[in-house]
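Got the structure open in your viewer? Let's walk through it one selection at a time.

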Amino acid sequence: MPRYKEDPPAVRVYTVCDESRYLIVRNVPALGCGDDLLKLFANYGDVEECKPMDAEDCEQFTDVYWIKFRLISNARFAKRKLDEFVFLGNHLLVSYAPQFESLDDTKDKLEGRRKEILARLNSQRSKGHPVHRVLSSNEAPSLPASSHHIPNQINNRLRDVGDAEFRSHSNNARITRVSSDKDYFPSQSMNQTVKTVRDKLNKIQSSTEHLQAGPTPKKTRVDNRRRI
């Protein structure tokens, strides 16, 4: 049974350092099908070399091939399309091989990525998408003079709204007084009890007011007696 069914490859996110125009293709049937494999990969770009790696360890009845594309973009496209592709009954296992890159290959790869990023930025500018840039302290926009009065206007409006709400709450919170002659309960006996208690409270209140007023001052008597 092929290895890919027992140990499926993990999903991996490749960076610019991992990508390369060199590819290693594993799990190729050992049927001398190098030319067919070359034609398959040539559909995605110019292939400069395609040769078997006899010294590479591989599963029984399979071969490993080394493929060199002219452009890294072609190698990226081929890997995305042909990894896990069924070729003569086997699922191909395609991986990048940056260890075969020279110094010039690495420089070209980084320069190509820089050009791709610049092209994407230019396309965004042409479509009208804003490209954000950090402003320095000297470039910071200044507010008009009228904007300095905005906080005071907001505070005044908030104060007016608060006063209106307070007056509305005060009007709704007024205590409603009930006449002393009004019956509180449906039962006559309970109303009589309430009336008796109210009369006693009125007497106590009147006596308290009398004591607070103080005793009535005595009238001054005039002494009309004749003294010798």
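The tour goes from a strand to a helix and ends at a pocket. One thing to keep in mind as you click around: this is a predicted model.

**Stop 1: strand β3.** Select residues 62–69, which make up β3. Begin with T62, which belongs to this strand. Is T62 buried or exposed? Its relative accessible area is 8%, so T62 counts as buried. Now show the side chain of T62 together with the backbone of E59: a polar atom of that side chain sits 2.7 Å from the backbone oxygen of E59. Then bring up the contacts of T62 from beyond four places in sequence, which are N27, V28, A30 and N90.

Slide along to I67, also in β3. I67 has 0% relative accessibility, so this residue is buried too. Which residues does I67 touch, once neighbours within four places in sequence are set aside? Select R21, Y22, L23, V25, F41, V47, E49 and C50 to see them. If you like distances, pick the C-alpha atoms of I67 and V47: they are 7.2 Å apart, although 20 residues separate the two along the chain.

**Stop 2: helix α3.** Next, select residues 72–82, the span of α3. Color N74, A75, R76, A78, K79 and L82, the buried residues of this helix. A rule of thumb helps when you look down the axis: an α-helix has 3.6 residues a turn, so residues three or four places apart point the same way. What do the buried residues of α3 pack against? Turn on β1 (22–29), α2 (34–42), β3, β6 (93–96) and α4 and you have the partners; β3 is the strand you have just visited, with I67 in it. Before leaving, check E84, which follows α3 and has a positive phi, near 70°.

**Stop 3: the second largest pocket.** Keep α3 on screen and add α4, residues 103–126, as each of these helices gives at least two residues to the lining of the second largest pocket. This pocket holds about 260 Å³ of space. To center your view, select R70, L71, I72, D108 and K109, the lining residues that lie nearest the middle of the pocket. In full, the lining has 13 residues. Which element supplies the largest share of them? That is α4, with five residues. Finally, color the lining by residue type: you should find seven charged residues, three polar and three nonpolar.

Conventions
Residues numbered from 1 in each chain as written. Predicted model: local features only at pLDDT ≥ 70, side-chain atom pairs only at ≥ 80, totals over all residues. Heavy atoms only, no water. Helix = DSSP H or I, 4+ residues; strand = E, 2+ residues; numbered from the N terminus. Buried < 20%, exposed > 50% of the residue type's maximum accessible area, 1.4 Å probe, protein only. Contact = heavy atoms within 4.5 Å. Polar contact = N/O pair within 3.5 Å; in protein donor to acceptor, adjacent residues only side chain to side chain. 1 Å grid on protein atoms, 1.4 Å probe; cavity = no way out; pocket = protein on both sides within 12 Å on 5 of 7 lines; lining within 4 Å. Points joined across faces, edges and corners; volume = space filled by probe spheres on them. Nonpolar A, V, L, I, M, F, W, Y, C, P; charged D, E, K, R; others polar.
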